[in-house]
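Student: I would like to learn how to read the features of a model such as this one, going step by step from rings to sheets, helices and loops. Could we look at it together and begin with the aromatic side chains?

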Amino acid sequence: MSEALKNHTFAALKIGDQASITRTVGVNDISLFAAVSGDVNPANLDPVFAAGGPCGHSAAHGMWTAAMVSALLGTRLPGPGTIHLEQSARFLASVLPGDTITATVRVAEKRDPDRIVRLDTLCVNQRGQRVLEGSATVIAPATDMTLPAAPARRAVLLPASRYAPFIDEARALPPIRAAIVHPCSRAAILGAAEVRDEGLLEPLLIGPEEKIRAAAADAGVSLDGMAIEPTEHSHAAAARAVELAVARRVEVLVKGSLHSDELLGAVVARESGLRTGRRISHAYVMDVPAYGKPVIVTDAAINIAPTLDHKRDIAQNAIDLMRLLGADQPRVAVLAAAETVNPAMPATLDAAALTVMAARGQITGGLVDGPLAFDNAISPEAARTKGIASSVAGQADILLVPDLEAGNMLAKQLIYFAGATAAGLVLGARVPIVLTSRADPLSARIASAALARLIVARRAAPEVRG
């Protein structure tokens with residue numbers, strides 16, 4: 001429990017009185033300070049930019065340390081009732097994420113009759129190194145004051161959705177026809193209505209008409225503006241959706257209430273016409289609040305135990321998607337349980353092989369490195385601690401997982417533990433395929449539809465320019 005806040009009046013203060021507080025600075029503290037102050041200096045927030053600076057890595061804002069002095073003055077010495085007049089500071093050393101800082105104020109001078117007090121200020125890190133020194137001038141309180149213990153404060157950093165620019169761009173484009181395959185449940189028909197109402201897709205409902213209308217009635221959804229292509233059952237709905245995509249009567253497929261395997265089986269069937277030279281794969285395009293940019297987790301839904309050739313296609317599919325979304329040279333971290341090659345761990349052998357394949361042009365458009373453990377892939381500090389020199393480590397755009405089980409667990413942990421939003425797409429076919437889940441929030445369903453809309457538009461752009 002927090003201590004009660006008790007002040008020290010001007011009369012009670014003596015020269016030499018002092019007080020201290022200690023805090024450890026974390027990455028979130030730096031981000032929160034930037035959000036509150038508006039100081040978004042890349043030297044504090046961008047590990048890649050900071051790597052070329054004098055520290056070699058990102059550091060806390062100098063005023064974060066100075067704010068610890070202000071906190072001392074207002075809560076400890078002199079404490080509640082203090083009026084802060086002036087503060088000077090010299091910043092002597094960088095404060096890095098993980099540093100523990102102790103701030104101390106010491107009464108140096110008292111001036112009557114205005115209750116003016118000057119205090120020397122000092123901040124040191126866990127090694128005793130001075131990081132700040134200076135002075136502060138305040139008006140000390142005249143009367144004793146004791147306030148009850150303040151409740152612990154917790155701050156949560158919620159960045160603006162990184163999907164917002166994609167969704168805004170997709171909304172500005174004309175809607176495209178999308179096959180909603182077997183939308184015979186409340187969740188599926190609601191999803192179709194959502195993307196229609198958002199102006200992203202023009203749904204064509206494919207499946208048993210009676211069941212579709214019953215689902216719409218149950219959900220309270222109007223089918224106005226949504227055409228129905230009747231089929232006998234879910235298998236026929238999947239086959240018909242593929243036929244319409246091959247004929248270019250629809251440009252996106254969206255899974256309804258049928259099983260994913262049933263829809264994807266129709267897509268990859270030898271006679272379907274939607275197959276390409278690539279293996280299809282699933283990509284979660286994730287907005288993880290604690291990570292500085294969108295990141296793809298692949299494959300977490302289709303390829304159970306991918307071979308090396310499969311992983312090559314999975315990597316290439318994800319790179320192509322990232323490039324369509326604006327990344328010039330996406331960084332692919334090939335994940336394993338360790339960052340060194342171990343013959344007893346096949347995932348590390350595949351990772352090393354994929355790295356060589358990329359270097360020889362068998363994977364193009366991105367930077368590929370592995371094996372990398374998860375922490376080394378997304379944390380510059382972890383990569384630096386392990387001594388990993390890599391253009392990918394610590395700043396991955398794509399996380400290529402060893403198998404479906406690892407990918408599914410990673411993606412679900414990011415969603416449920418880290419508050420991530422995940423837009424899910426199937427890649428490698430001639431049209432994008434949206435795989436929705438009943439558990440997906442509206443934000444994920446809208447983001448998935450928006451990304452599919454953008455893929456169609458950006459794939460067509462070179463043809464238009466030509």
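Tutor: Let us do so, keeping in mind that this is a predicted model. A pair of aromatic rings is described by the distance of the centres and the angle of the planes. With ring centres required to lie within 6.5 Å, the count here comes to zero aromatic pairs.

Student: Which residue, then, lies over the face of Phe 10?

Tutor: That residue is Lys 110, which lies over the face of Phe 10 at 4.6 Å from the ring centre.

Student: Let us turn to the sheets. How should I read the order and pairing of the five-stranded sheet?

Tutor: Strands of a sheet pair through backbone hydrogen bonds, either parallel or antiparallel. In this case the five strands form an open sheet in the order β2-β4-β5-β6-β3, and the pairing is antiparallel. At its edges stand β2 (18-24) and β3 (83-91), each of which pairs on one side only, and the twist from one strand to the next averages 20°.

Student: How many bridges join β3 to β6, and which residue of β6 stands opposite Arg 90?

Tutor: Eight bridges join β3 to β6 (residues 130-139), the two strands running antiparallel, and the residue opposite Arg 90 is Glu 133 in β6. Helix α4 (residues 62-75) packs on this sheet, where it touches β2, β3, β4 (100-111), β5 (116-124) and β6, and the direction of α4 makes about 50° with that of β4.

Student: What is the strand order of the sheet of 11 strands, and what kind of pairing does it have?

Tutor: This open sheet of 11 strands follows the order β10-β9-β8-β11-β18-β17-β12-β13-β16-β14-β15, and its pairing is mixed. The edge strands, each pairing on one side only, are β10 (227-230) and β15 (367-372). Strand β13 illustrates the mixture: with β12 (residues 281-287) it pairs in the antiparallel sense over three bridges, whereas three bridges join β13 to β16 (residues 398-400) in a parallel run.

Student: Which residues stand opposite Ile 296 on its two sides?

Tutor: Val 285 stands opposite Ile 296 of β13, and Ile 398 in β16 also stands opposite Ile 296. For Val 297, the bridge partner in β16 is Leu 399.

Student: Which way do the side chains of β13 point, and are they buried or exposed?

Tutor: From β13 (residues 295-298), Val 295 and Val 297 point one way and Ile 296 and Thr 298 the other way, and all of them are buried.

Student: Which strands does helix α6 lie across?

Tutor: Helix α6 (residues 186-197) lies across β8 (176-181) and β9 (201-207), and runs at about 155° to β9.

Student: How do I recognise the buried face of a helix, and which residues of α5 are buried?

Tutor: An α-helix has 3.6 residues a turn, so residues three or four places apart point the same way. In α5 (residues 164-172), the residues Phe 166, Ile 167 and Ala 170 are buried. Because these buried residues fall within an arc of 95° when seen down the axis of α5, they line one face of the helix. On the other side of α5, Pro 165 and Ala 172 are exposed.

Student: Turning to the loops, where are the cis peptide bonds?

Tutor: One cis peptide bond joins Leu 77 and Pro 78, with omega about 0°, and Pro 78 is found in the loop between α4 and β3. Another joins Asp 112 and Pro 113, with omega about -5°, and Pro 113 has its place in the loop between β4 and β5.

Student: Which residues have a positive phi although they are not glycine?

Tutor: Arg 115 has a positive phi of about 60°; this residue lies in the loop between β4 and β5 and is partly exposed, with a relative accessible area of 30%. Arg 248 has a positive phi of about 65° and lies in the loop between α8 (234-246) and β11 (252-255). The cut-off for exposed is over 50% relative accessible area, so Arg 248, at 72%, counts as exposed.

Student: How far apart are Ala 51 and Pro 380, in sequence and in space?

Tutor: They are 329 residues apart in sequence and 9.6 Å apart in space, C-alpha to C-alpha. Ala 51 lies in the loop between α3 (47-50) and α4, and is partly exposed, with a relative accessible area of 46%.

Definitions and conventions. Residues numbered from 1 in each chain as written. Predicted model: local features only at pLDDT ≥ 70, side-chain atom pairs only at ≥ 80, totals over all residues. Heavy atoms only, no water. Pairing = 2+ DSSP bridges. Helix = DSSP H or I, 4+ residues; strand = E, 2+ residues; numbered from the N terminus. Axes fitted to C-alpha atoms, helices over the stretch in contact; angles between N-to-C directions. Contact = heavy atoms within 4.5 Å. Buried < 20%, exposed > 50% of the residue type's maximum accessible area, 1.4 Å probe, protein only. Phe/Tyr/Trp six-rings, centres within 6.5 Å; stacked < 30°, edge-to-face > 60°. Lys NZ or Arg CZ within 6 Å of the ring centre and 35° of its normal. Arc of directions from axis to C-beta.
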